[in-house]
Amino acid sequence: MKTKITFLTLLILSVLTLSSCNSKRKAKGEEDKIIIIADSLEFNLLEKSLNEVFGKLIYTPQPEQLFRIERRDISYLNKLKRTKNVLIIAPLNSNSKVSKFINKSIDENVKNLILADSAFVINKYDLWSTGQLVMFLSAKDIDVLEQKLLANKDDLLFYFKDISNKRLAKGLYNSRFEKKNIEAKLITDYGWMIYMQADYKLAMNKPEDNFVWIRRGVNTNMERWIFIHWIDDATPEFLNKDSIGAKRDEITKKFYTTADNKAYVDHYDDYKMSKEVNFNEKYAIMTQGLWRFNDQSGGGPFINYTFYDEETKRIYMLDASIFAPKYLKKNLLQQVDVLLHSFKTEKEIPSERKREILEELETVESSEE
């Protein structure tokens, strides 16, 4: 995703590095919490806008905030240096403790850019801990700061979502718990792969329909479903929300059915949204919303990425759904979203990685002979 915000290099002075050490420990804390370092009065003025930016609601179908914000005084900063998500915010002209801290922490060139309204966000990754994002937001005064906050809300939210997904991916992608034999089969048979966690099973494999379904938690109260469908000899013209929606409905009606085949999965339009995104460096249409059985006996959230691959002349549709009626589902949805992003066509797989996976299949086949 290309951002409209100017990237800057923040020159960190001794005020930020006094307690730093050469060996940084891993950031800790809740993935969906952002600690805001702000003056209490300034936070009161900005709280509504901060919640609008970072506390965006998604419906699963319960309303859940993407991030929860929590203010701390700057005197707590040393205690927060292992926190995953930190946001330090103040205008340059307010003379508050946080404003003075920001003024001391940036060099004159950066300060002049902020005063000229040419920049207002500076991100520092791994500043005090690995896997950490510390974001600085500032402007010449509080009014301009709030305007910029709201005008760039999608980009600001993306930064914290992106670092959260990267942290989660490090935990999910573990070779010790990877079904490389299934990954190898998918590469060999279809020319693509997706990371196959040990807890997932290959639930359906329909080469005649260009359809693969993997599932986790089968017949439990916390199921995760992922399907991959592809269209051969396709063109990018397919990439519009109507075509994608119709194809998804066709697939779920055929393959996502109850055990007695009396009900099938349908979408639920009330919270459905589509937008253009960058999926692993490819233009894609992301569709997110709710599904439910057509007899209304159950439902949950789904996320779908559909894109055209120039190399193979294929349309790929990657789709993940959650069925967990007794649980909040935001974190589960994030997990399957991260898994979808492990998808690679055969030519995108590094040669050493591909060889390692295919050797696993050879080992399994040899042991079966």
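# Salt bridges, surface and pocket in a predicted model

A search of the whole structure, which is a predicted model, finds 27 salt bridges.

Q: What makes the contact of Arg68 with Glu30 a salt bridge?
A: The closest N and O atoms of Arg68 and Glu30 are 2.5 Å apart. The cut-off is 4 Å between a side-chain nitrogen of Lys or Arg and a carboxyl oxygen of Asp or Glu, so the pair qualifies.

Q: Where do Arg68 and Glu30 lie in the chain?
A: Arg68 belongs to strand E4 (residues 68-72), whereas Glu30 sits in the loop between helix H1 (14-17) and strand E1 (33-37). The pair links distant parts of the chain, 38 residues apart.

Q: Why are Arg68 and Glu30 called partly exposed?
A: Arg68 has a relative accessible area of 29%, and Glu30 has 42% relative accessibility. Partly exposed covers the range between under 20% (buried) and over 50% (exposed), so both residues take that label.

Q: Which residues are linked with Arg68 and Glu30 in a network of salt bridges?
A: The network also holds Asp32, Lys33, Glu70, Arg72 and Lys330.

Q: How do you know that Glu31 and Lys84 meet in a salt bridge?
A: Their N to O distance is 2.9 Å. A value within 4 Å is required, and therefore the contact counts. Glu31 is in the loop between H1 and E1, and Lys84 is in the loop between E4 and strand E5 (85-89), 53 residues apart.

Q: Is Lys84 counted as buried or exposed, and why?
A: Lys84 is buried, because its relative accessible area of 14% falls under 20%.

Q: What makes the pair of Lys347 and Glu311 a salt bridge, and which parts of the chain does the pair tie together?
A: The closest N and O atoms of Lys347 and Glu311 are 3.1 Å apart, and the limit is 4 Å, so the pair is accepted. Lys347 lies in the loop between strand E16 (344-345) and helix H10 (351-368), and Glu311 in the loop between E14 and strand E15 (314-323), so parts 36 residues apart in sequence are tied together.

Q: Why is Lys347 called exposed?
A: Its relative accessible area is 67%, and exposed means over 50%, so Lys347 meets the criterion.

Q: What makes Tyr59 eligible for a surface patch, and how is its accessibility classed?
A: Patch members need over 30% relative accessible area. Tyr59 has 32% and therefore passes, while counting as partly exposed. Tyr59, which lies in strand E2 (residues 57-59), forms a nonpolar patch with Leu57 and Tyr271, with about 270 Å² of accessible area together.

Q: Why is Ala246 called partly exposed?
A: The relative accessible area of Ala246 is 47%, which is not over 50% and not under 20%, so the residue falls in between. Ala246 is found in helix H8 (residues 241-255).

Q: How do you know that strands E12 and E13 pair?
A: There are 11 bridges between E12 (residues 265-279) and E13 (residues 282-293), which run antiparallel. At least two bridges are needed, so the strands pair. One of the bridges joins Asp266 to Arg292 in E13. In the hairpin of E12 and E13, which has two residues between the strands, Asn280 takes a positive phi near 50 degrees.

Q: What lines the largest pocket, and which residues are closest to its centre?
A: The largest pocket holds about 1400 Å³ of space. Of its 45 lining residues, Phe158, Lys161, Asn165, Tyr305 and Asp337 are the closest to the centre. The largest share of the lining, 10 residues, comes from H6.

Note on methods. Residues are numbered from 1 along each chain as its sequence is written. This is a predicted model: local features need pLDDT of at least 70, side-chain atom pairs count only at pLDDT 80 or more; totals for chains, interfaces and linings use all residues. Side-chain values use heavy atoms; hydrogens and water are left out. Patches are made of residues with over 30% relative accessible area and no salt bridge: like charges are joined within 9 Å, nonpolar side chains (Val, Leu, Ile, Met, Phe, Trp, Tyr) within 5 Å. Accessible areas come from the Shrake-Rupley method with a 1.4 Å probe; for residues, only the protein chains shown count as cover. Helices (H or I, at least four residues) and strands (E, at least two) are DSSP runs, numbered from the N terminus. Buried means under 20% relative accessible area, exposed over 50%, partly exposed in between (1.4 Å probe, protein chains only). On a 1 Å grid over the protein atoms alone, a cavity is a set of points where a 1.4 Å probe fits but cannot get out, and a pocket is an open set with protein on both sides within 12 Å along at least five of seven lines; lining residues have an atom within 4 Å of a point. Grid points are joined across faces, edges and corners, and a volume is the space filled by probe spheres set on the points.
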